[in-house]
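Here's a quick briefing on how domains pack against each other within two chains. Have the model open alongside as you read.

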Amino acid sequence: MGALRRYASSTAAVIGLVLLLVVIAMAASAGWLFPEDPLSLAGAPLTPPFTEEGLPLGTDSVGRDIAAQIFHGARVSLLVGVVATGIAIGIGILVGAVSGYFGGAVDAALMRLTEAFQTVPSFILLLMLVVIFGSEVTTLALVIGAVSWTAPARLTRAEFLTLRSRDFVLSCRTLGMPHARIIFLEILPSALPPVIVYVSVVMALAILQESALAFLGLSDPNIASWGNLIGDGRRVLRSAWYVAALPGLAIIVTVLAISLVGQGVNDLLNPRLGRR
Amino acid sequence: MRILRLVLRRLSLSIPCLGIILAVLFFLLQLAPGDAVDALIGQMGTSDDTLSKLLRSYYGLDGSVVGQFTGYVGRLATLDLGLSIAYGKPVIDLILERLPVTVVLMVTSMAMAFTAGCVVGVIAARYVHRWPDTIISVLGMLVYSMPSFWFGLMAIVLFAVTLGWLPAGGISDLRAGHTGIAHLLDMAKHLVMPALTLGLIFFAVYLRVMRTAMVEVMTLDFMRTARAKGLQERAVLFRHALRNALLPMVTIAGLHASSMLGGAVVVESVFSLPGLGRLAQEAVVQRDLNMLLGITVMSSVLVIAVNLVIDIIYARLDPRIDVGA
Amino acid sequence: MTALLSIENLSIALPRGADRAHAAKDVSFTIDRGEVFCVVGESGSGKSLTAAAILGLLPPGVRASGGRILFEGQDLLQLSLPDLRRISGKRIGMVFQDPMTALNPLHTVGSQVAETFRIHTSLGRAEIADRVLDLLETMRLPEPRQIARAYPHELSGGQRQRCVIAMAMALEPALLIADEPTTALDVTTQAQILGLIRDLQARRGMGVMFITHDFGVVAEVATRIAVMRQGEVVEQGEAATILNRPRHPYSQALIAAMPALRPPPYQPSTAAPVLSVEGVHKTYRRRGRTVAALKDVSLTLRRGTTLGVVGESGSGKSTLARCLVKLVEPEQGAIRVLDTDITRLSGSAWRAQTGRIQMVFQDPFTSLNPRRRVGDLVTQGIAMRGIRGPDLKDRAEDLFRLVGLDPAAIDRFPHEFSGGQRQRIGLARALALEPDVLVADEPVSALDLSVQAQVLDLLASLRRKLGLSMVFITHDLRVAAQVCDRVAIMQRGEVVEEGPAETLLTAPTHPYSRELLAAVPGRGWAGGR
């Protein structure tokens, strides 16, 4: 409980948590508040916000309800964020742990692979994967996860490199403990905090990448996502800039919330840095 | 001499790296439903076996995967990336045509983000945990949360549509027909918004790194030595802290070179710049896998080149870098 | 004549939330020209912060809350920061503990030494360069020209510390503050640096404030002494008086805790060897260079005895310890525990046998997994061998009793224990498997003197009780004299001399052993237990 209280002592972290809960609530209530297909026509095209009852945020260039798209878009962003992050962190921890613990040739080989993946611009690789595997939204989440594992891997490896020569790990080896047990039960718990903090970065980037793909018109066109809406708004930018502006604000709020929560967790796990 | 050895070693490391990249990409292409020829034939609306066989041998897509791979690597050595199916031109020509815009965009953004990140980061570190630091951190986080394409669109609304200060897109104003210096100035004007847009998120990253690095350097023992020598606070900051804090900054700049190139795809699209990123987007739309492969390979080469330059800068800053045998 | 430096009723306040309110309370002493004033104390005594306060180098949040620091007639606490910096480096020089981190890694040492001149004088570039070379030569650095052009990482610890001293001495200050200047160095290097400081002090007639935790060092250099405990000066006076007739109980205890360099009479053992090391070689390859960490090392340990392995950093003693528990694989040679050559065992065969040879580690703060309860830590080894449930708990409590800890504490976490207690827990963990051989890698070097004495006593009693056979790795000849029957001296990967502790520590034959013995600080002083 002390941890919760310490988290609550940071205003920024609390704001982040509240914003994140709001976004989650939006995603959860989308089907209930906007039961209709968000991509169906709801009114006259380009109805400005706050002018018509029932269409609080107006309509886009073909007359679809912007508010409905934003609420349903929250589901897409969160889904992509969670799935992609899970995959990226999972691969990253595995690669980083094995690489850092064993060192030597194993490390060299895995690090070459990591370097290769870091050299290819991940967004361009993403474009290629979208062409190959299609742009269905779950595929998209998997693919984004598959290009985002390098940073968590490096982070985990760095932690393992320092921890593996700590005396407490050596003592486990002298007690005859098997490698797998040392890696996952002895070292990993100590190596996790910085990686957990990094979860927020991976998730924020995943959401941004999905929205960028959608903005370029390369995401799933059959779902309501924030990026799709901005891409649509771009075509009417000069006459109705709010179509692009509103979903952008939703992205900012979501990413900001994730970053703030990440920061709060960081201060919690590394109290040394948080203290003045 | 030390630098030369460093360059040679980095190059020798980047060749296997490029090899792995190519192998992974080839493996992925095998998973694609249908190849470029299928896409082409699909566009033509026919289904003729002899035609597709002919086209496959023309584009080098017949034979085994291994054969295709070795063939591709062999041709790559002579900078031959094959033909673009969508454009019917050699991929390398298309890439070289588009590359300069992307390079200029990247270099400008990086320089702007790096410089601004340093300056603002130092200021934040100077007032760590006090209000200027808090304001800077909040702004940084806000900037970091903004999708670059959205920022770009909003900048267009404000600076191009409403205020009319800057052009909304393109690399130069063709109708004006500028030459010489006027042409360069015109291009610079076209680049202001794209470079800012691309650089913004990296500015937020650099700013945070610089702040942390400065705060950390300030606690190191040699800072105390410098003070004990009688150095005044400002000199301690500039002579001893700054250069040490730049080391993680340079490392981060290297790590972000590839994501910057990825970001360029989106920014080029927002501002209709004829760069590599736009080419990639077109390749996706046309399902031109061969061109996409070429772009991916060449952008990796570009990233390797940028990292080489950054490694040299790092080695110049830090005498401890052991370039080894 | 007024004193050079006089500290009057100095108090230093710690930030809120620290374990106590003051780092120093009402500290008063004076330092005269031409004397070496030693401030002695254990960690947390406030000695280093007192020194830092003089030049306004207190860490953020810590501040001098009362008293005066008078130097050449002005109160340094009243000076503005820029004014104080005009005195730092010019009239007062300062040398720090760790030469590895005291220099900026990105500038050549020459330019860092020159900086002192650039700050405080208007000398020209060429003249400064000359002065720097002179200075480095005075510090007895070979090839000053090359040293000046070198970066810190290219120099050894001793060379770096000479450069730091050069920096502090550049403008011939009236006062030199040396904060544990030799603690991070090897003994032979320490002896050289102490000699250098003594010489410079005598030649220039400056006052030296010397901070240390080591009474041996005090005996080498001090004219006068102040003993500090928990921020207060408990006793001060002439060096000879305090060293030989301390009045305050704390000073008495500290001096009594100091291991004497007098090994007990040798009792030859006829027991069978329990461990034998035969012709072991180990080389490390780093970036194309190969370094021989162990060269043809052969040693024998008889049952129930203790073999000391003594050496400075880089001697290979730690590598040897790691080979003994198979954390490092030697390229050549055999390591036999009773009849088994452990170098030939496969990974899984070894895991089944690790109980036969166990290790106690140096650093009590990293040797226990911070996320596990200490009871679990101690019994991890036996738990893996199939003992479960209440039996395990009983064993944990027994082990805690064995090493002198409260058995009720087995459910706590490592951070709730002090350094000495943690070292006892590490010992309990190693003893849990009832090993034939115990390897102790510098088990007391990270501990304060008083705690060190307790742990050494515990080891001695366990040895009697359990008949332990032990390999004891240390850099400290005094500690070796306390616990070892035989001693092997290592230098650059080789055993240069091996023999009974009594002979080796009184009449060594190898030149290096002699040098090592001569370098032990305070050897001439008869203090200690």
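How many residues of domain 1 of chain C are in contact with domain 2 of chain C, and how many does domain 2 put in? Eight residues come from domain 1 of chain C, and they touch nine residues of domain 2 of chain C. Keep in mind that this is a predicted model. Chain B also has a two-domain split to look at, with domain 1 covering 2–76 and domain 2 covering 96–317.

**Chain C: layout and buried area**

- The assignment cuts chain C into domain 1 at 5–256 and domain 2 at 279–518.
- Going by C-alpha atoms, the centres of those two chain C domains sit 35 Å apart.
- Together, domain 1 and domain 2 of chain C bury about 790 Å², and carbon and sulfur atoms account for 43% of it.
- Three residues, Glu42(C), Asp186(C) and Thr188(C), supply 54% of what domain 1 of chain C buries against domain 2, more than any other three residues.

**Chain C: polar side of things**

- Looking for salt bridges between the two chain C domains turns up zero.
- Polar contacts do show up there: six residue pairs link domain 1 and domain 2 of chain C, with both partners at pLDDT 80 or more.
- On the domain 1 side of that chain C interface, helix H7 (residues 187–204) gives the most, with three residues.
- Sorted by class, that domain 1 side of chain C has two nonpolar, four polar and two charged residues.

**Chain B: layout and buried area**

- The C-alpha centres of domain 1 and domain 2 of chain B are 32 Å apart.
- For the contact, domain 1 of chain B brings 19 residues and domain 2 of chain B brings 16 residues.
- About 1,600 Å² gets buried between the chain B domains, with 78% of it on carbon and sulfur atoms.

**Chain B: who does the touching**

- There is one salt bridge between domain 1 and domain 2 of chain B.
- Arg10(B) and Asp311(B) pair their side chains in a salt bridge, at 2.7 Å from N to O.
- One residue pair is in polar contact across the two chain B domains, both at pLDDT 80 or more.
- Helices H1 (2–30), H2 (36–44) and H4 (65–77) of chain B are the elements that each give two or more residues to the domain 1 side facing domain 2.
- H1(B) gives the most to that side, with 13 residues.
- By class, the domain 1 side of the chain B contact splits into 14 nonpolar, three polar and two charged residues.

Terms used
Residues are numbered from 1 along each chain as its sequence is written. Chains are lettered from A and ligands numbered from 1 in the order in which they are written. This is a predicted model: local features need pLDDT of at least 70, side-chain atom pairs count only at pLDDT 80 or more; totals for chains, interfaces and linings use all residues. Side-chain values use heavy atoms; hydrogens and water are left out. Domain bounds come from an automatic or database domain assignment. Contact means heavy atoms within 4.5 Å. Buried area is the accessible area (1.4 Å probe) that two parts lose on being put together, summed over both. A salt bridge is a side-chain nitrogen of Lys or Arg within 4 Å of a carboxyl oxygen of Asp or Glu. A polar contact is a pair of N or O atoms within 3.5 Å; within protein, one must be able to donate a hydrogen and the other to accept it, and residues adjacent in sequence count only if both atoms are side-chain atoms. Helices (H or I, at least four residues) and strands (E, at least two) are DSSP runs, numbered from the N terminus. Ala, Val, Leu, Ile, Met, Phe, Trp, Tyr, Cys and Pro count as nonpolar, Asp, Glu, Lys and Arg as charged, and the others, Gly among them, as polar.
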